[in-house]
Amino acid sequence: MRFALIAVLLAASVPAFAQDPDRLPWFAIDAHAATVGLPQAEGWVPAVSSDTKLPGRNWGFVGGGTVYPLRLWLITFGFGGSIIHGSGSGESFTIVTGSGTTATTRVTPVVHTGITSVAPQISMNFGHKLGWSYISSGVGKSKVTSSADAVGTTPEMVVPEAWNSALNFGGGAKWFMKPHLGASFDARFVKLSSRAATDTLPSAKRTQLWNISAGISIQ
């Protein structure tokens, strides 16, 4: 029954979609530079001292695409997704405690963290073929990589890699100054779900990250 209803809606919308000269294109492909949030919550990064500098945000990229097969009144529905990737490193500090002959020196490790998110999305789009805005959301997967360099007698610490469920939601806009080439931006939140400890993975707390990207779009 559900599939039959979807088929009816598609059949009803295609003629109107084809007759509208200002309709959205059938598809759009995006390539963006991005500022990407990196997780700092317990379990996603190695168990280091609280005074260790963790990377929290760095440059990355976003690539994705969307098809627009269905229009109902003023809303065009899109189905697509994006891949978001970013990585960064913290800094090492020398910490001196005490003074004189009782002074002790400790060096904090450099922590390296990266994240890759596969973010499927269903979007609601408002506008016409030369420019439109949208809101979208979906559930996908994210993989976090994180390690702390060896320091002194402390060995390197590595958090095992694993794909975890992640909700994404956000919005953006696209503008086309030429028939097929335009500019676009996207602001997106990625919520990593909590993770229970296993034989190979530590438990990890739920955490929310945000990303902003901008670049070109092709239709």
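How many cavities of 30 Å³ or more does a search of the whole structure find? The search turns up 2, where a cavity is a set of points on a 1 Å grid over the protein atoms alone at which a 1.4 Å probe fits but cannot get out. Volumes are the space filled by probe spheres set on the points, with grid points joined across faces, edges and corners. The model is a predicted one, with local features needing pLDDT of at least 70 and side-chain atom pairs counting only at pLDDT 80 or more, while totals for chains, interfaces and linings use all residues. Residues are numbered from 1 along each chain as its sequence is written, and side-chain values use heavy atoms, with hydrogens and water left out.

On confidence, the chain averages a pLDDT (the predictor's confidence in each residue, from 0 to 100) of 88, and 88% of the residues score at least 70. Residues 1–18 fall below 50, and beyond near neighbours in sequence this stretch has 14 contacts in the model (heavy atoms within 4.5 Å).

As for the fold, the chain has 1 helix and 11 strands, taken from DSSP runs (H or I, at least four residues, for helices; E, at least two, for strands) and numbered from the N terminus.

Back to the cavities. The largest holds about 260 Å³ of space, and of the 24 residues lining it (an atom within 4 Å of a point), Asp30, Ser82, Gln121, Tyr134 and Asp186 sit closest to its centre. Strand E2 (57–72) gives the largest share of that lining, with 6 residues. By class, the lining comes to 6 nonpolar, 14 polar and 4 charged residues; here Ala, Val, Leu, Ile, Met, Phe, Trp, Tyr, Cys and Pro count as nonpolar, Asp, Glu, Lys and Arg as charged, and the others, Gly among them, as polar.

The second largest cavity has about 30 Å³ of space. Its lining includes Val36, Ile84, Ile115 and Val190, and has 5 nonpolar, 3 polar and no charged residues.

Those four names come up again in the largest nonpolar core, being among the residues that touch the most other members of its 13. Such a core is a set of buried Ala, Val, Leu, Ile, Met, Phe, Trp, Tyr and Cys residues joined through side-chain atoms within 4.5 Å, buried being under 20% relative accessible area (1.4 Å probe, protein chains only). Strands E1 (27–37) and E10 (181–192) each give two or more residues to this core. Leaving aside neighbours within four places in sequence, Val190 is in contact with residues including Ile84, Ser117 and Leu209.

Conventions. Buried < 20%, exposed > 50% of the residue type's maximum accessible area, 1.4 Å probe, protein only. 1 Å grid on protein atoms, 1.4 Å probe; cavity = no way out; pocket = protein on both sides within 12 Å on 5 of 7 lines; lining within 4 Å.
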